[in-house]
Amino acid sequence: MKKKIAAFFILVVLLIPVCAYAQNQTLIMYYSKTGKTKIVAEELKVLIPDARVVEIKSDVGIMKAVMWQQLFNRNACNEPIAVDLEKYDRVILCSPIWLQKISSPMRTIINTVPMEGKKVNLFVVCAGHFGESGQKKLKNQLASKKIDCESLSIIKSGSKTDEDIREQVQKQFKN
C-alpha cells in the first residue's frame, strides 16, 4: 500500500508540471494572400519556438474577397481548421488589412471560432495606413465576440523587404 501511495505522489509530482506546460501553449493562426502575413507568422514562430502555427485557407479569389466580402462584411468560405482551442491559452491572429478592415477569412475566424477567455494578440499587416477608426472598429468587433485583445500590432509592408517586416515583428513582439 505504501508503494502505491509513493508511486501516486511521484506520478502527481511529475504530471503537474507537464499539465501546467500543456495549458500554456500558444497558437498562431494566420491568413496570407500575398505572403507578407506569412512572414509575420513565421517570425513569431521563431520568437515562440513551441507555438503551433495554423494557416487559414480560403479559395475565394482576391477580387471577390476584397470587393464583395470586404465591402459588405461577408464571411469568407474558409477551409475547416482542425485545431482544439482548449489546448491553448494564448492565440495570436495574423491578418492583412483590406479596405481598412481585417481580411474576410480572418473575420470569419473571429466570428465563428469561440475565443472567450483566451489571451488574444493581433498582428495586422497593411501596405499603407490603418487608421484609428479602423482600429477602433476592429477592437469593437473583437469585444462583441467577447474576445479580449491584449495587443494590436500594426506591421507596415508597403515597399518593405522581408527582413524589414521581420524586424518590425521583433520590435512589436518585445513591446
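A salt bridge here is a side-chain nitrogen of Lys or Arg within 4 Å of a carboxyl oxygen of Asp or Glu. By that yardstick, Asp162 pairs up with Lys36, with the closest N and O atoms 3.6 Å apart. Asp162 lies in helix α6 (residues 162-174) and Lys36 in helix α2, so the pair ties together parts that are 126 residues apart in sequence. Some housekeeping before going further: the model is a predicted one, in which local features need pLDDT of at least 70 and side-chain atom pairs count only at pLDDT 80 or more, while totals for chains, interfaces and linings use all residues. Residues are numbered from 1 along each chain as its sequence is written, and side-chain values use heavy atoms, with hydrogens and water left out.

As for the overall layout, the chain contains 6 helices and 6 strands. Both kinds of element are DSSP runs numbered from the N terminus, helices being H or I over at least four residues and strands E over at least two. Along the sequence the order reads α-β-α-β-α-β-β-α-β-α-β-α. Of the chain's 175 residues, 41% count as buried, where buried means under 20% relative accessible area, exposed means over 50%, and partly exposed covers what is in between (1.4 Å probe, protein chains only). The accessible surface, from the Shrake-Rupley method with a 1.4 Å probe and with only the protein chains shown counting as cover for residues, comes to about 10,300 Å², and 57% of it belongs to carbon and sulfur atoms. Contacts (heavy atoms within 4.5 Å) reach well along the chain: among those between residues at least 6 apart in sequence, 77% join residues at least 24 apart.

Strand β1 (residues 25-30) is a handy place to start on the details, with 6 of its 6 residues buried. Gln25, Leu27 and Met29 point one way from the strand, Thr26, Ile28 and Tyr30 the other way, and all are buried. That fits a general pattern: in a regular strand the side chains alternate between the two faces of the sheet. Two strands are taken as paired if DSSP finds at least two bridges between them, and β1 has such pairings with β3 and β2. It runs parallel to β3 (residues 88-98), joined by 6 bridges, and Gln25 has Tyr88 as its bridge partner there. With β2 (residues 52-55), the pairing is also in the parallel sense, over 4 bridges, and here Tyr30 is matched with Glu55. Put helix α2 (residues 36-47) into the picture, and β1, α2 and β2 make a right-handed β-α-β unit. Right-handed means that, with the strands pointing away from the viewer, the path from the first strand over the helix to the second runs clockwise.

Next comes the packing. A nonpolar core is a set of buried Ala, Val, Leu, Ile, Met, Phe, Trp, Tyr and Cys residues joined through side-chain atoms within 4.5 Å. The largest one has 27 residues, and those with the most contacts inside it are Met29, Leu93, Met115, Leu122, Val124, Phe130 and Leu138. Two or more residues each come from β1, β3, α4, β5 (119-126), α5 (132-144) and β6 (149-156), with β3 giving the most, at 5 residues. Apart from this core lies another, of 15 residues, among them Ile48, Ala51, Phe123 and Ile165. Phe130, back in the largest core, touches Ile97, Gln100, Val124, Gln135, Leu138, Leu152, Ile154 and Lys156, leaving aside residues up to four places away in sequence. Helix α4 (residues 104-112) is mostly covered, with 7 of its 9 residues buried; the buried set is Ser104, Pro105, Met106, Arg107, Thr108, Ile109 and Ile110.

Back to charges: the structure holds 3 salt bridges. In the Asp162–Lys36 pair, Asp162 is partly exposed at 35% relative accessible area, and Lys36 is partly exposed too, at 25%. A second salt bridge joins Glu43 and Arg166, whose closest N and O atoms are 4.0 Å apart. Glu43 lies in helix α2 and Arg166 in helix α6, so this pair ties together parts that are 123 residues apart in sequence. Glu43 counts as buried, at 7% relative accessibility, whereas Arg166 is partly exposed at 25%. Arg166 also meets Glu163 in a salt bridge (3.8 Å, N to O). Those two residues both lie in helix α6, 3 residues apart, about one turn of the helix. Glu163 is partly exposed, with a relative accessible area of 40%. Through shared partners, salt bridges join Glu43, Glu163 and Arg166 into one network.
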